[in-house]
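Got the viewer open? Let's take a short walk through this one, selecting as we go.

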Amino acid sequence: MDQPIRYYSTNRQVPPTDLGRALLQGLAADRGLFLPERYPQWTRPELEALKELTYPEVAHAVLRRYTAGSLTDGDLERLCAEAYDYEVPLERVTKNTHLLRLDRGPTASFKDFAARMMARWMGHFLADDGGELVILTATSGDTGSAVAHAFFGVERIRVVVLFPVAEVSDRQRRQMTTLGGNVSTIAVEGKFDDCQALVKEAFSDPELGGLHLTSANSINIGRLLPQSVYYVYAYTRLADVAAGESITFCVPSGNFGDMMGGVIARRMGIPMRRLLIATNANDEVPRFLSTGRYEKVVPSRVCISNAMNVGHPSNLARLVDVYGGRMDETGALTTDPDLDAMRRDLYAVAVNDDCTRRTIREAYEQHGVVLEPHGAVGWAGLMRYFEEHPQEAEHLTVSLETAHPAKFPEEIRTCIGLDPPIPPSLIGLDALEESYESMSADYGCFRAHLLANFA
Ligand SMILES: *Cc1c(COP(=O)(O)O)cnc(C)c1O
(Lines give C-alpha, C1' and ligand atoms only; values in the text may rest on other atoms or scores of the structure.)
Protein backbone atom coordinates (compact mmCIF):
# COMPACT_ATOMS: atom_id res chain seq x y z
CA MET A 1 0.00 0.00 0.00
CA ASP A 2 1.20 3.51 -0.85
CA GLN A 3 2.04 6.09 1.81
CA PRO A 4 -0.97 8.35 2.39
CA ILE A 5 -1.02 11.39 0.12
CA ARG A 6 -1.69 14.76 1.71
CA TYR A 7 -3.50 17.62 0.02
CA TYR A 8 -2.14 21.17 -0.03
CA SER A 9 -3.91 24.46 -0.72
CA THR A 10 -2.93 26.44 -3.82
CA ASN A 11 -2.76 29.54 -1.58
CA ARG A 12 -0.22 27.84 0.77
CA GLN A 13 -1.55 29.62 3.89
CA VAL A 14 -2.74 26.45 5.65
CA PRO A 15 -0.87 23.18 6.26
CA PRO A 16 -1.60 20.17 3.98
CA THR A 17 -4.34 17.85 5.21
CA ASP A 18 -5.75 14.38 4.59
CA LEU A 19 -8.33 13.45 1.98
CA GLY A 20 -11.28 13.32 4.37
CA ARG A 21 -10.73 16.86 5.62
CA ALA A 22 -9.98 18.23 2.17
CA LEU A 23 -13.22 16.70 0.90
CA LEU A 24 -15.45 17.87 3.72
CA GLN A 25 -14.01 21.41 3.61
CA GLY A 26 -14.25 21.81 -0.16
CA LEU A 27 -12.44 25.12 -0.26
CA ALA A 28 -9.35 25.42 1.97
CA ALA A 29 -9.57 27.86 4.89
CA ASP A 30 -7.22 30.25 3.03
CA ARG A 31 -9.66 30.11 0.06
CA GLY A 32 -7.20 28.10 -2.01
CA LEU A 33 -7.96 24.83 -3.80
CA PHE A 34 -6.66 21.45 -2.68
CA LEU A 35 -4.23 19.44 -4.82
CA PRO A 36 -2.37 16.20 -4.03
CA GLU A 37 1.21 16.67 -2.82
CA ARG A 38 2.36 14.00 -5.27
CA TYR A 39 0.99 11.94 -8.13
CA PRO A 40 1.41 8.17 -7.87
CA GLN A 41 3.43 6.88 -10.83
CA TRP A 42 2.24 4.14 -13.14
CA THR A 43 4.79 1.96 -14.91
CA ARG A 44 4.07 0.41 -18.31
CA PRO A 45 3.55 -3.11 -16.93
CA GLU A 46 1.16 -1.74 -14.30
CA LEU A 47 -0.79 0.13 -16.98
CA GLU A 48 -0.74 -2.94 -19.20
CA ALA A 49 -2.40 -4.94 -16.41
CA LEU A 50 -5.33 -2.49 -16.37
CA LYS A 51 -6.31 -3.59 -19.88
CA GLU A 52 -8.01 -6.64 -18.41
CA LEU A 53 -10.07 -4.74 -15.83
CA THR A 54 -13.61 -3.35 -15.96
CA TYR A 55 -14.30 0.35 -15.40
CA PRO A 56 -15.06 0.02 -11.66
CA GLU A 57 -11.91 -2.07 -11.25
CA VAL A 58 -9.78 0.54 -13.02
CA ALA A 59 -11.36 3.23 -10.82
CA HIS A 60 -10.44 1.22 -7.74
CA ALA A 61 -6.85 0.69 -8.97
CA VAL A 62 -6.34 4.39 -9.71
CA LEU A 63 -8.15 5.88 -6.72
CA ARG A 64 -6.80 3.56 -4.02
CA ARG A 65 -3.47 5.32 -4.28
CA TYR A 66 -5.17 8.62 -3.41
CA THR A 67 -7.38 7.23 -0.64
CA ALA A 68 -4.63 5.16 1.06
CA GLY A 69 -4.77 5.83 4.79
CA SER A 70 -8.31 7.25 4.59
CA LEU A 71 -10.40 4.39 3.22
CA THR A 72 -9.82 0.65 3.37
CA ASP A 73 -9.25 -1.13 0.08
CA GLY A 74 -12.39 -3.19 0.57
CA ASP A 75 -14.54 -0.11 1.21
CA LEU A 76 -13.19 1.66 -1.87
CA GLU A 77 -13.71 -1.40 -4.04
CA ARG A 78 -17.35 -1.59 -2.96
CA LEU A 79 -17.93 2.13 -3.51
CA CYS A 80 -16.47 1.95 -7.03
CA ALA A 81 -18.68 -1.01 -7.91
CA GLU A 82 -21.76 0.85 -6.65
CA ALA A 83 -20.90 4.19 -8.27
CA TYR A 84 -19.96 2.85 -11.70
CA ASP A 85 -22.77 0.49 -12.53
CA TYR A 86 -23.23 1.86 -16.07
CA GLU A 87 -21.51 1.59 -19.44
CA VAL A 88 -18.55 3.70 -20.59
CA PRO A 89 -18.64 3.37 -24.40
CA LEU A 90 -15.62 4.13 -26.60
CA GLU A 91 -16.74 4.60 -30.21
CA ARG A 92 -14.35 4.55 -33.11
CA VAL A 93 -15.16 7.41 -35.49
CA THR A 94 -12.21 7.40 -37.92
CA LYS A 95 -9.12 5.18 -38.14
CA ASN A 96 -7.38 6.83 -35.18
CA THR A 97 -10.06 8.98 -33.61
CA HIS A 98 -12.49 7.86 -30.95
CA LEU A 99 -15.34 9.30 -28.96
CA LEU A 100 -15.53 8.55 -25.24
CA ARG A 101 -19.18 8.73 -24.23
CA LEU A 102 -19.44 9.78 -20.60
CA ASP A 103 -23.21 10.16 -20.72
CA ARG A 104 -24.60 6.85 -19.48
CA GLY A 105 -24.90 7.70 -15.79
CA PRO A 106 -28.21 8.45 -14.05
CA THR A 107 -28.25 12.13 -15.04
CA ALA A 108 -26.72 11.61 -18.49
CA SER A 109 -23.65 13.83 -18.16
CA PHE A 110 -20.02 13.14 -17.29
CA LYS A 111 -20.60 14.84 -13.96
CA ASP A 112 -22.09 11.58 -12.67
CA PHE A 113 -18.58 10.07 -12.63
CA ALA A 114 -17.34 12.57 -10.06
CA ALA A 115 -20.53 13.27 -8.14
CA ARG A 116 -21.29 9.61 -7.47
CA MET A 117 -17.84 8.91 -6.05
CA MET A 118 -17.65 12.14 -4.08
CA ALA A 119 -21.06 11.55 -2.50
CA ARG A 120 -19.99 8.10 -1.36
CA TRP A 121 -16.69 9.39 0.00
CA MET A 122 -18.39 12.23 1.86
CA GLY A 123 -21.04 9.94 3.32
CA HIS A 124 -18.26 7.64 4.52
CA PHE A 125 -16.07 10.37 6.08
CA LEU A 126 -19.10 12.02 7.65
CA ALA A 127 -20.22 8.79 9.30
CA ASP A 128 -16.76 8.63 10.95
CA ASP A 129 -16.93 12.28 11.93
CA GLY A 130 -20.53 12.26 13.19
CA GLY A 131 -21.38 15.68 11.77
CA GLU A 132 -23.97 17.06 9.39
CA LEU A 133 -23.34 18.89 6.18
CA VAL A 134 -25.12 21.34 3.89
CA ILE A 135 -23.82 21.18 0.35
CA LEU A 136 -24.22 24.36 -1.69
CA THR A 137 -23.87 23.95 -5.41
CA ALA A 138 -24.11 26.47 -8.22
CA THR A 139 -24.88 24.85 -11.53
CA SER A 140 -24.66 25.93 -15.14
CA GLY A 141 -26.79 22.95 -16.14
CA ASP A 142 -25.46 19.51 -15.27
CA THR A 143 -23.62 19.72 -11.96
CA GLY A 144 -26.82 20.38 -10.06
CA SER A 145 -28.59 17.27 -11.25
CA ALA A 146 -25.55 15.02 -10.93
CA VAL A 147 -24.90 16.24 -7.38
CA ALA A 148 -28.58 16.12 -6.42
CA HIS A 149 -28.97 12.54 -7.62
CA ALA A 150 -25.66 11.42 -6.15
CA PHE A 151 -26.49 12.80 -2.68
CA PHE A 152 -30.22 12.06 -2.73
CA GLY A 153 -31.06 10.10 0.40
CA VAL A 154 -27.53 10.24 1.86
CA GLU A 155 -27.88 10.60 5.61
CA ARG A 156 -26.52 13.68 7.42
CA ILE A 157 -26.29 15.61 4.15
CA ARG A 158 -28.66 18.21 2.71
CA VAL A 159 -28.17 19.70 -0.73
CA VAL A 160 -29.06 23.17 -2.03
CA VAL A 161 -28.72 23.73 -5.77
CA LEU A 162 -28.76 27.20 -7.34
CA PHE A 163 -29.36 27.46 -11.08
CA PRO A 164 -29.71 30.41 -13.50
CA VAL A 165 -33.39 30.33 -14.35
CA ALA A 166 -33.09 31.24 -18.03
CA GLU A 167 -29.93 29.30 -18.88
CA VAL A 168 -30.72 25.63 -18.26
CA SER A 169 -32.67 23.35 -20.56
CA ASP A 170 -36.08 22.04 -19.57
CA ARG A 171 -34.79 18.53 -18.94
CA GLN A 172 -31.75 19.77 -17.05
CA ARG A 173 -34.07 21.70 -14.71
CA ARG A 174 -36.46 18.81 -14.22
CA GLN A 175 -33.60 16.52 -13.23
CA MET A 176 -32.94 18.75 -10.22
CA THR A 177 -36.40 19.92 -9.24
CA THR A 178 -38.27 16.60 -9.16
CA LEU A 179 -36.32 14.83 -6.40
CA GLY A 180 -37.38 16.50 -3.16
CA GLY A 181 -36.24 14.82 0.08
CA ASN A 182 -32.87 16.18 1.19
CA VAL A 183 -32.47 18.12 -2.09
CA SER A 184 -33.78 21.68 -2.49
CA THR A 185 -33.39 23.87 -5.56
CA ILE A 186 -33.39 27.63 -6.12
CA ALA A 187 -34.02 29.31 -9.47
CA VAL A 188 -31.88 32.44 -9.48
CA GLU A 189 -32.83 35.38 -11.67
CA GLY A 190 -29.33 35.80 -12.99
CA LYS A 191 -26.43 34.03 -14.63
CA PHE A 192 -24.33 31.08 -13.58
CA ASP A 193 -21.68 33.54 -12.34
CA ASP A 194 -24.30 35.09 -10.04
CA CYS A 195 -25.12 31.66 -8.61
CA GLN A 196 -21.45 30.90 -8.10
CA ALA A 197 -20.91 34.29 -6.43
CA LEU A 198 -23.82 33.67 -3.99
CA VAL A 199 -22.36 30.30 -3.03
CA LYS A 200 -18.86 31.71 -2.58
CA GLU A 201 -20.14 34.54 -0.42
CA ALA A 202 -22.01 32.11 1.80
CA PHE A 203 -18.81 30.12 2.39
CA SER A 204 -16.99 33.16 3.74
CA ASP A 205 -19.93 34.62 5.70
CA PRO A 206 -19.21 34.55 9.46
CA GLU A 207 -22.96 34.77 10.20
CA LEU A 208 -23.36 31.33 8.65
CA GLY A 209 -20.52 29.92 10.74
CA GLY A 210 -22.98 27.69 12.62
CA LEU A 211 -23.90 25.77 9.47
CA HIS A 212 -21.42 23.27 8.15
CA LEU A 213 -21.42 24.41 4.54
CA THR A 214 -19.36 22.80 1.84
CA SER A 215 -19.16 22.70 -1.93
CA ALA A 216 -19.74 20.00 -4.48
CA ASN A 217 -18.54 22.17 -7.34
CA SER A 218 -15.31 21.23 -9.03
CA ILE A 219 -13.44 23.33 -6.50
CA ASN A 220 -13.77 20.13 -4.43
CA ILE A 221 -10.82 17.75 -4.85
CA GLY A 222 -13.34 14.91 -4.56
CA ARG A 223 -14.60 15.88 -8.00
CA LEU A 224 -11.22 15.91 -9.69
CA LEU A 225 -9.67 12.62 -8.66
CA PRO A 226 -12.50 10.44 -10.08
CA GLN A 227 -12.27 12.42 -13.31
CA SER A 228 -8.72 11.22 -13.91
CA VAL A 229 -9.94 7.63 -14.11
CA TYR A 230 -11.61 7.70 -17.53
CA TYR A 231 -8.44 9.07 -19.14
CA VAL A 232 -6.51 6.10 -17.77
CA TYR A 233 -9.33 3.78 -18.81
CA ALA A 234 -9.51 5.09 -22.41
CA TYR A 235 -5.74 5.02 -22.79
CA THR A 236 -5.33 1.47 -21.56
CA ARG A 237 -8.29 0.23 -23.66
CA LEU A 238 -6.99 1.70 -26.93
CA ALA A 239 -3.21 2.11 -26.81
CA ASP A 240 -0.35 -0.26 -27.39
CA VAL A 241 0.71 0.24 -23.80
CA ALA A 242 3.75 -2.06 -23.94
CA ALA A 243 5.19 -0.01 -26.82
CA GLY A 244 4.58 3.22 -24.90
CA GLU A 245 2.16 4.57 -27.52
CA SER A 246 1.06 8.13 -26.81
CA ILE A 247 -2.42 9.60 -27.01
CA THR A 248 -4.14 12.95 -27.60
CA PHE A 249 -7.27 13.88 -25.64
CA CYS A 250 -9.70 16.68 -26.45
CA VAL A 251 -11.91 18.03 -23.62
CA PRO A 252 -14.82 20.45 -23.95
CA SER A 253 -14.25 22.79 -20.99
CA GLY A 254 -16.03 25.33 -18.82
CA ASN A 255 -14.81 25.30 -15.23
CA PHE A 256 -11.83 23.11 -16.26
CA GLY A 257 -12.45 20.34 -13.74
CA ASP A 258 -12.69 17.72 -16.46
CA MET A 259 -9.45 18.99 -18.00
CA MET A 260 -7.74 18.78 -14.58
CA GLY A 261 -8.58 15.07 -14.58
CA GLY A 262 -6.52 14.83 -17.78
CA VAL A 263 -3.68 16.84 -16.26
CA ILE A 264 -3.63 14.47 -13.28
CA ALA A 265 -3.64 11.44 -15.60
CA ARG A 266 -0.63 12.86 -17.45
CA ARG A 267 1.19 13.47 -14.16
CA MET A 268 0.59 9.84 -13.22
CA GLY A 269 2.46 8.74 -16.32
CA ILE A 270 -0.10 8.40 -19.13
CA PRO A 271 1.93 9.26 -22.25
CA MET A 272 -0.06 12.20 -23.59
CA ARG A 273 0.96 13.99 -26.75
CA ARG A 274 -1.21 16.96 -26.00
CA LEU A 275 -4.30 17.71 -24.00
CA LEU A 276 -6.61 19.81 -26.18
CA ILE A 277 -9.01 22.19 -24.48
CA ALA A 278 -12.05 23.44 -26.38
CA THR A 279 -14.17 26.23 -24.90
CA ASN A 280 -17.26 27.94 -26.27
CA ALA A 281 -17.25 31.73 -26.76
CA ASN A 282 -16.08 32.09 -23.14
CA ASP A 283 -12.52 32.16 -24.42
CA GLU A 284 -10.54 33.47 -21.44
CA VAL A 285 -8.29 30.42 -21.26
CA PRO A 286 -7.43 30.18 -24.98
CA ARG A 287 -6.54 33.89 -24.82
CA PHE A 288 -4.49 33.35 -21.66
CA LEU A 289 -2.45 30.57 -23.30
CA SER A 290 -1.76 32.66 -26.36
CA THR A 291 -1.00 36.00 -24.66
CA GLY A 292 0.06 35.04 -21.12
CA ARG A 293 -2.42 37.61 -19.80
CA TYR A 294 -5.52 36.51 -17.98
CA GLU A 295 -8.76 38.46 -18.36
CA LYS A 296 -12.08 37.04 -17.19
CA VAL A 297 -15.11 37.22 -19.46
CA VAL A 298 -17.59 39.36 -17.50
CA PRO A 299 -20.46 38.73 -17.77
CA SER A 300 -20.04 35.23 -19.14
CA ARG A 301 -21.40 34.69 -22.64
CA VAL A 302 -24.54 32.62 -23.16
CA CYS A 303 -23.88 29.74 -25.58
CA ILE A 304 -25.81 26.60 -26.52
CA SER A 305 -23.23 24.50 -24.68
CA ASN A 306 -24.71 25.98 -21.52
CA ALA A 307 -22.78 23.91 -18.97
CA MET A 308 -19.63 25.63 -20.23
CA ASN A 309 -20.81 29.24 -19.90
CA VAL A 310 -18.09 30.13 -17.42
CA GLY A 311 -16.22 33.43 -17.60
CA HIS A 312 -13.76 32.75 -14.77
CA PRO A 313 -13.06 29.03 -14.29
CA SER A 314 -12.21 28.12 -10.70
CA ASN A 315 -9.85 25.34 -11.72
CA LEU A 316 -7.53 27.63 -13.62
CA ALA A 317 -5.77 28.32 -10.30
CA ARG A 318 -4.98 24.60 -10.11
CA LEU A 319 -3.64 24.44 -13.65
CA VAL A 320 -1.44 27.47 -13.02
CA ASP A 321 -0.20 25.84 -9.78
CA VAL A 322 0.74 22.60 -11.54
CA TYR A 323 2.85 24.67 -13.95
CA GLY A 324 4.68 26.48 -11.15
CA GLY A 325 2.60 29.69 -10.99
CA ARG A 326 0.19 31.18 -8.45
CA MET A 327 -3.25 32.56 -9.07
CA ASP A 328 -5.56 33.70 -6.28
CA GLU A 329 -9.33 33.23 -6.21
CA THR A 330 -9.96 36.56 -7.90
CA GLY A 331 -7.91 35.48 -10.91
CA ALA A 332 -4.90 37.67 -10.10
CA LEU A 333 -1.61 36.06 -11.17
CA THR A 334 0.98 36.60 -8.44
CA THR A 335 3.56 34.26 -10.02
CA ASP A 336 3.59 33.43 -13.72
CA PRO A 337 3.40 29.75 -14.64
CA ASP A 338 5.83 28.17 -17.11
CA LEU A 339 3.95 29.21 -20.23
CA ASP A 340 6.31 27.42 -22.60
CA ALA A 341 5.66 24.12 -20.85
CA MET A 342 1.92 24.81 -20.83
CA ARG A 343 1.97 25.48 -24.57
CA ARG A 344 3.90 22.26 -25.19
CA ASP A 345 1.45 20.16 -23.19
CA LEU A 346 -1.82 21.95 -23.96
CA TYR A 347 -3.62 23.47 -26.90
CA ALA A 348 -6.67 25.66 -26.37
CA VAL A 349 -9.26 26.80 -28.86
CA ALA A 350 -12.59 28.65 -28.65
CA VAL A 351 -15.57 27.48 -30.71
CA ASN A 352 -18.61 29.70 -31.32
CA ASP A 353 -22.23 28.55 -31.60
CA ASP A 354 -22.30 28.65 -35.42
CA CYS A 355 -19.33 26.34 -35.57
CA THR A 356 -20.84 24.12 -32.86
CA ARG A 357 -24.05 23.67 -34.87
CA ARG A 358 -22.13 23.09 -38.10
CA THR A 359 -20.09 20.43 -36.32
CA ILE A 360 -23.23 18.64 -35.09
CA ARG A 361 -24.42 18.49 -38.73
CA GLU A 362 -21.07 17.46 -40.20
CA ALA A 363 -20.36 14.76 -37.64
CA TYR A 364 -23.76 13.27 -38.41
CA GLU A 365 -23.47 13.55 -42.20
CA GLN A 366 -19.88 12.33 -42.43
CA HIS A 367 -19.74 9.75 -39.66
CA GLY A 368 -23.30 9.04 -38.55
CA VAL A 369 -22.33 10.24 -35.07
CA VAL A 370 -24.86 12.19 -32.98
CA LEU A 371 -23.14 14.85 -30.87
CA GLU A 372 -24.77 17.28 -28.47
CA PRO A 373 -23.51 20.89 -28.12
CA HIS A 374 -20.76 20.24 -25.53
CA GLY A 375 -19.27 17.23 -27.28
CA ALA A 376 -19.55 19.14 -30.55
CA VAL A 377 -17.41 21.95 -29.13
CA GLY A 378 -14.80 19.31 -28.30
CA TRP A 379 -15.02 17.68 -31.72
CA ALA A 380 -14.81 21.06 -33.47
CA GLY A 381 -11.71 21.90 -31.40
CA LEU A 382 -10.14 18.61 -32.45
CA MET A 383 -10.87 19.26 -36.14
CA ARG A 384 -9.29 22.72 -35.84
CA TYR A 385 -6.20 21.15 -34.25
CA PHE A 386 -5.89 18.61 -37.05
CA GLU A 387 -6.17 21.41 -39.64
CA GLU A 388 -3.28 23.20 -37.96
CA HIS A 389 -1.26 20.04 -37.26
CA PRO A 390 -2.24 17.52 -39.97
CA GLN A 391 0.40 14.97 -38.95
CA GLU A 392 -1.25 14.66 -35.51
CA ALA A 393 -4.29 13.01 -37.10
CA GLU A 394 -2.06 9.95 -37.59
CA HIS A 395 -1.96 9.35 -33.84
CA LEU A 396 -4.37 7.83 -31.37
CA THR A 397 -6.94 10.43 -30.31
CA VAL A 398 -9.95 10.50 -28.00
CA SER A 399 -12.52 13.28 -27.88
CA LEU A 400 -14.82 13.43 -24.84
CA GLU A 401 -18.61 13.55 -25.26
CA THR A 402 -19.80 14.90 -21.93
CA ALA A 403 -23.61 14.75 -22.15
CA HIS A 404 -26.35 12.71 -23.78
CA PRO A 405 -27.95 14.30 -26.88
CA ALA A 406 -31.41 13.70 -25.37
CA LYS A 407 -30.69 16.43 -22.83
CA PHE A 408 -30.81 18.94 -25.70
CA PRO A 409 -33.54 17.62 -28.01
CA GLU A 410 -34.53 21.01 -29.48
CA GLU A 411 -31.00 21.78 -30.63
CA ILE A 412 -30.43 18.31 -32.09
CA ARG A 413 -33.74 18.44 -33.95
CA THR A 414 -32.88 21.84 -35.44
CA CYS A 415 -29.42 20.74 -36.53
CA ILE A 416 -30.03 17.27 -37.95
CA GLY A 417 -33.80 16.79 -37.93
CA LEU A 418 -33.63 13.87 -35.55
CA ASP A 419 -35.16 13.18 -32.15
CA PRO A 420 -32.39 11.66 -30.08
CA PRO A 421 -33.58 8.44 -28.41
CA ILE A 422 -34.22 9.00 -24.72
CA PRO A 423 -31.94 6.95 -22.44
CA PRO A 424 -33.62 4.96 -19.63
CA SER A 425 -32.39 7.51 -17.08
CA LEU A 426 -34.49 10.31 -18.63
CA ILE A 427 -37.68 8.34 -19.30
CA GLY A 428 -40.67 9.58 -17.33
CA LEU A 429 -38.90 12.75 -16.28
CA ASP A 430 -41.18 15.10 -18.21
CA ALA A 431 -44.20 13.91 -16.24
CA LEU A 432 -42.79 14.33 -12.71
CA GLU A 433 -43.88 17.19 -10.50
CA GLU A 434 -41.37 19.99 -9.98
CA SER A 435 -40.72 21.99 -6.84
CA TYR A 436 -38.29 24.90 -6.41
CA GLU A 437 -37.89 28.37 -4.89
CA SER A 438 -37.28 31.48 -6.98
CA MET A 439 -34.93 34.22 -5.86
CA SER A 440 -33.22 37.36 -7.18
CA ALA A 441 -29.42 37.27 -7.30
CA ASP A 442 -29.27 39.06 -3.95
CA TYR A 443 -27.02 37.76 -1.21
CA GLY A 444 -29.20 39.07 1.63
CA CYS A 445 -32.13 36.95 0.38
CA PHE A 446 -29.95 33.91 0.01
CA ARG A 447 -28.52 34.22 3.51
CA ALA A 448 -31.99 34.67 4.99
CA HIS A 449 -33.14 31.56 3.15
CA LEU A 450 -30.23 29.50 4.50
CA LEU A 451 -30.73 30.70 8.08
CA ALA A 452 -34.48 30.06 7.93
CA ASN A 453 -34.12 26.53 6.56
CA PHE A 454 -30.87 25.13 7.85
CA ALA A 455 -29.83 26.89 11.08
C1 LIG B 1 -19.90 20.70 -16.77
C2 LIG B 1 -19.90 20.30 -18.18
C3 LIG B 1 -18.79 20.56 -19.03
C4 LIG B 1 -17.59 21.32 -18.57
O5 LIG B 1 -16.86 20.64 -17.60
P6 LIG B 1 -15.83 21.46 -16.70
O7 LIG B 1 -15.24 20.48 -15.78
O8 LIG B 1 -16.63 22.52 -16.01
O9 LIG B 1 -14.85 22.07 -17.64
C10 LIG B 1 -18.84 20.08 -20.32
N11 LIG B 1 -19.90 19.41 -20.78
C12 LIG B 1 -20.96 19.15 -20.02
C13 LIG B 1 -22.10 18.41 -20.60
C14 LIG B 1 -21.00 19.56 -18.69
O15 LIG B 1 -22.06 19.29 -17.92
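Begin with helix H8, and pick out what packs over its buried residues: the cover includes strand E5 (133-138), strand E6 (157-164), strand E7 (183-189), strand E8 (213-215) and helix H18 (443-454). Cover here is by contact, meaning heavy atoms within 4.5 Å. Helices (H or I, at least four residues) and strands (E, at least two) are DSSP runs, numbered from the N terminus.

Before going further, a word on what you're looking at. This is a predicted model, with local features needing pLDDT of at least 70 and side-chain atom pairs counting only at pLDDT 80 or more, while totals for chains, interfaces and linings use all residues. Residues are numbered from 1 along each chain as its sequence is written, and side-chain values use heavy atoms, leaving out hydrogens and water.

Now select 192-203, which is H8 itself. Which of its residues are buried? They are Phe 192, Cys 195, Gln 196, Leu 198, Val 199 and Ala 202; buried means under 20% relative accessible area, exposed over 50%, partly exposed in between (1.4 Å probe, protein chains only). These sit on the same side of H8, because they cover an arc of only 155° around the axis, taking the directions from the helix axis to the C-beta atoms. As for length, the twelve residues should span 16 Å at 1.5 Å a residue, and the end C-alpha atoms are 17 Å apart, which agrees. The expected span is 1.5 Å times one less than the number of residues.

Next stop: 353-367, helix H15. Its buried residues are Asp 353, Cys 355, Thr 356, Thr 359, Ile 360 and Ala 363. Look down the axis of H15 and they fall within an arc of 155°, so they line one face of the helix. Swing round to the other side for Asp 354, Glu 365 and Gln 366, which are exposed. Show H16 (373-388) and H17 (409-416) too, since both helices are among what covers the buried face.

Zoom in on the ends of H15. Asn 352 caps the N-terminal end, with a side-chain oxygen 3.2 Å from the backbone nitrogen of Asp 354, a polar contact (N or O atoms within 3.5 Å; within protein, one must be able to donate a hydrogen and the other to accept it, and residues adjacent in sequence count only if both atoms are side-chain atoms). Just after the helix, Gly 368 takes a positive phi of about 70°.

Finish at the ligand. Backbone N or O atoms of Asn 255 and Phe 256 lie 2.8 Å and 2.9 Å from a ligand oxygen, respectively.
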